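The following questions and answers examine the ligand sites of a predicted model. Each answer reasons towards the value or name requested.

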Amino acid sequence: MPRTPAYAAVSARSALAPFWVERREPGPDDVLIDILYCGVCHSDIHQVRDEWGGSTFPMVPGHEIVGRVVKIGTQVTRFRMGDTVGVGCFVDSCRHCQACAAGEEQFCEHGMSATYNGFERNGIELDRSRPTYGGYSGRITVDQHYVLHVPAGIPLERTAPLLCAGITTYSPLRHYAVKAGDQVAIVGLGGLGHMGVKLAKAMGAQVTVLSHSTSKHDDALHLGADDFIATGDADVFNTHAGRFDLILDTVSAPHDYNAYLSLLSLDGTMVLLGLPDPTPLAAGSLIRRRRRLAGSMIGGIRQTQEMLDFCAGHGVAADVEVIDIAQINTAYQRMLQGDVRYRFVIDLATLQDD
Ligand code: NAP
Ligand code: ZN
Ligand code: ZN
């Protein structure tokens, strides 16, 4: 069994520290991947701290993985040794339900096998005796059908965040068929938010960033936004009422959805992507102008590949700060203070394997 070094949290209150995981020897359909880079998503923090409930420990987070294939099973047809590949938020699903058949494996009716804080499966059902461990580690074994081809042309450390932040913002932009000239707002300029700006812009939208930080104005425009609104001043919700066709809300902390809904145009949609603690919602916020409030969760394998190819074709990549694995606890603290521009990415070459 390939034993691999990793970083894990052993409880919801402990810092991440060195740990070992056993990866399975590649079966006929598996590839063994040497992990090069892994992005740090705010969902890693939510789960490590058990903010959503039901976390299992020890936990090795990480679901924005880019690496190289170092071993392949006998039936593997999609990859060759040495290929550069990606792994996102799930590593398996039931493969039989309607969602899986539609290529929306993230909504698998039997539960997807999350890349970490999830479970491997016995066929259709999850096997709760076999936890999954994520990308803050040296290697991972994954079924070929849940592995992505990384297109050439984007630096690998800037590709890793596309596997979650990229697909999570790309998917709703496609689902709501954003087109040239649409007024799109991105709420929260963090890992997801900055990808939302770049992707919406690449699709031709007029993009506005809404941020609780006043200091991100120049960055927002530099990332490609056409406009920036600092939400600290409550008046802006009157000034910009009814302005946007689509709002992607990426904020990780509780905030008043009603205020943001007031910014939607007739038949406009606000899509919740962030997962903070719940806040109250007033029916009046939706009834006026026939507004819609929706949610979206990552994206299926087919669309994730489409997104990677779109990014390569449009020169879109994440803005990253590469860190050593030993800096991970500090990186979490900085993310909680909104101090990340705009994704931390771990260089796994800094992981000791002795
Ligand atoms: P992040 O990089 O930490 O960015 C979150 C942003 O929220 C911050 O940069 C900040 O932007 C904004 N924010 C507003 N009020 C805040 C406050 N009081 N404290 C801290 N930040 C505040 O996080 P992320 O990785 O983009 O993830 C964002 C959320 O999406 C998380 O809840 C995560 O779990 C969730 N998520 C969902 C999916 C999905 O499939 N739906 C996938 C991945 C992540 P400003 O400074 O511009 O206001
Ligand atoms: Zn994520
Ligand atoms: Zn399924």
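Q: By class, how many nonpolar, polar and charged residues does the shell around ligand 1 have?
A: The residues around ligand 1 number 28, and H42, S211, H212, S213 and R343 come nearest. Divided by class, this shell has two charged residues, 14 polar and 12 nonpolar.

Q: Which residue places an N or O atom of its side chain 2.6 Å from an oxygen atom of ligand 1?
A: Polar contacts to oxygen atoms of ligand 1 include a side-chain atom of S43 at 2.8 Å and a backbone atom of L189 at 2.7 Å. At 2.6 Å from a ligand oxygen, the side-chain N or O atom belongs to R343.

Q: What percentage of the area that ligand 1 exposes when taken alone does the protein bury?
A: Elements giving two or more residues to the shell are α1 and α5 (191-202). Domain 1 (3-164 + 318-353) and domain 2 (166-295) both contribute residues, so ligand 1 lies between them. Taken alone, ligand 1 exposes 930 Å², and the protein buries 91% of that.

Q: Why does the pair C41 and C164 tie together parts that are apart in sequence, and how many residues apart are they?
A: The zinc ion (ligand 2) has the protein donors C41 (SG), H63 (NE2) and C164 (SG), at 2.0 to 2.2 Å, with the spacing C-x21-H-x100-C along the chain. C41 lies in the loop between β3 (30-39) and α1 (42-48), and C164 in the loop between α3 (156-159) and α4 (165-175), so the parts that the pair ties together are apart in sequence by 123 residues.

Terms used. Residues are numbered from 1 along each chain as its sequence is written. Chains are lettered from A and ligands numbered from 1 in the order in which they are written. This is a predicted model: local features need pLDDT of at least 70, side-chain atom pairs count only at pLDDT 80 or more; totals for chains, interfaces and linings use all residues. Side-chain values use heavy atoms; hydrogens and water are left out. Donors are N, O and S atoms within 2.8 Å of the metal (3.2 Å for Na, K and Ca); water is not among the atoms, so sites may look incomplete. Helices (H or I, at least four residues) and strands (E, at least two) are DSSP runs, numbered from the N terminus. A residue is near a molecule or strand if one of its heavy atoms lies within 4 Å of it. A polar contact is a pair of N or O atoms within 3.5 Å; within protein, one must be able to donate a hydrogen and the other to accept it, and residues adjacent in sequence count only if both atoms are side-chain atoms. Accessible areas come from the Shrake-Rupley method with a 1.4 Å probe; for residues, only the protein chains shown count as cover. Ala, Val, Leu, Ile, Met, Phe, Trp, Tyr, Cys and Pro count as nonpolar, Asp, Glu, Lys and Arg as charged, and the others, Gly among them, as polar. Domain bounds come from an automatic or database domain assignment.
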